[in-house]
Protein chains: 2
Amino acid sequence: MHKLKQSRIFTLIEPAPVILVTTCDGNKNDVMTISWTMVLDFTPVFAIATGAWNYSFAALQRTRECVIAIPTVDLLDRVVGIGTCSGADTDKFAKFKLTAMPGKLVKAPLIKECLANIECKVVDLIEKYNIVVLEAVAAYEDPERKEKRTVHAVGDGTFIVDGRMIDRRKMMASKLPAGI
Amino acid sequence: MHKLKQSRIFTLIEPAPVILVTTCDGNKNDVMTISWTMVLDFTPVFAIATGAWNYSFAALQRTRECVIAIPTVDLLDRVVGIGTCSGADTDKFAKFKLTAMPGKLVKAPLIKECLANIECKVVDLIEKYNIVVLEAVAAYEDPERKEKRTVHAVGDGTFIVDGRMIDRRKMMASKLPAGI
């Protein structure tokens, strides 16, 4: 895993791929699938929407730490599987053959099989809307990975895979954050 | 424009395409480009992140209404253009040749050229994080439109176009909202 510079971390979340969020409650690791995410600041600060209906929300709330792992399309069936069972009765890392790797600044694990991993601290919980505000403290990308296409949930059980890239850097130069 | 049933409206925002947000301050229409969006509830309720740095935020704050218009890839250069100039000194509907159509429940205009339009009411402003909470009150899709691929901003001036669709409705049946 290659460390990503801080100014580029938000670009992992800005396109809003389906993500995995890992936690560690002190005894065991858990992971949930999340589609509802949003960038709040380039520094970077993110929002995710989750709540007590997700088993690992309790660990997220108590430890105030998590890792956002970015899966690619080859992992889609595992991602859907993770999202349709519960950590209450399932060791998801074992069931879905995920390799937990230690983070540096948080106890929640990185997922080796993913394209990128972001270590995050919880900075706020907006209970009224089930919004968790996260600050990214470090991120890593796997430079060896050939499959880089992520997936976007439509919400009805279908997913859109990343297609081609269009470059509008010149047109947008005046609006891009520094150091990107 | 074909009316979309309420239970499917959130599927326009869940994949997190770049959107246009229109407002009407009573005298003139304005439009801004937004990439930071998130679903908060299937009913549907959305969050968008914006603030006073966007000229039309003042109209959004005062009128507590807007329209979210969903552009497709053929409109990308207009979308980037809209995002890199200001309504303070530009009539963006004229400059970018957008056709304003009247909404039914809000004064902000629909954009005829877009794939879909969602009439929204502002239900909350979370000032600390520049989050605007929106409730969708009606939505429409253009059934005649052949180009349906939306774009996702990476945040560095590049954009990812929608690729192929993968169907996992059966695997996800237990988790899908009613009436989808």
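What follows is a chat about the contact between chain A and chain B in a predicted model.

Colleague: How are the two chains related?
Modeller: A turn of 180° with a shift of 0.0 Å along the axis lays chain B on chain A, at an RMSD of 0.0 Å. The two copies are therefore related as by a two-fold rotation axis.

Colleague: Which C-alpha of chain B is nearest the axis?
Modeller: That of B:Gly163, 1.9 Å from the axis.

Colleague: And how many residues does each chain put into the contact?
Modeller: Chain B gives 56 residues and chain A gives 56 residues. Between them the chains bury about 4,900 Å², with 64% of that on carbon and sulfur atoms.

Colleague: What about salt bridges and polar contacts?
Modeller: There are 8 salt bridges between chain B and chain A. One of them joins the side chains of B:Asp156 and A:Arg8, at 3.2 Å from N to O. Polar contacts across the interface come to 24 residue pairs, both residues being at pLDDT 80 or more.

Colleague: Which element gives the most on the chain B side?
Modeller: β12(B), with 10 residues. By class, that side of chain B has 31 nonpolar, 12 polar and 13 charged residues.

Colleague: What does β12(B) pair with?
Modeller: Strand β12 of chain A, residues 158–167, in the antiparallel sense over 7 bridges. A:Phe159 stands opposite B:Ile166 there.

Colleague: Switching to A:Asp124, where is that residue?
Modeller: A:Asp124 is in strand β9 of chain A, residues 116–126.

Colleague: Which side chains of chain B does A:Asp124 reach by polar contact?
Modeller: The side chain of A:Asp124 makes a polar contact of 2.7 Å with that of B:Tyr129, and another of 3.4 Å with that of B:Lys128. Beyond four places in sequence, its contacts within chain A include A:Arg64 and A:Ile131.

How values were computed: Residues are numbered from 1 along each chain as its sequence is written. Chains are lettered from A and ligands numbered from 1 in the order in which they are written. This is a predicted model: local features need pLDDT of at least 70, side-chain atom pairs count only at pLDDT 80 or more; totals for chains, interfaces and linings use all residues. Side-chain values use heavy atoms; hydrogens and water are left out. Helices (H or I, at least four residues) and strands (E, at least two) are DSSP runs, numbered from the N terminus. A polar contact is a pair of N or O atoms within 3.5 Å; within protein, one must be able to donate a hydrogen and the other to accept it, and residues adjacent in sequence count only if both atoms are side-chain atoms. Contact means heavy atoms within 4.5 Å. Copies are superposed by least squares on the C-alpha atoms of residues with pLDDT of at least 70 in both. Buried area is the accessible area (1.4 Å probe) that two parts lose on being put together, summed over both. A salt bridge is a side-chain nitrogen of Lys or Arg within 4 Å of a carboxyl oxygen of Asp or Glu. Ala, Val, Leu, Ile, Met, Phe, Trp, Tyr, Cys and Pro count as nonpolar, Asp, Glu, Lys and Arg as charged, and the others, Gly among them, as polar. Two strands pair if DSSP finds at least two bridges between them.
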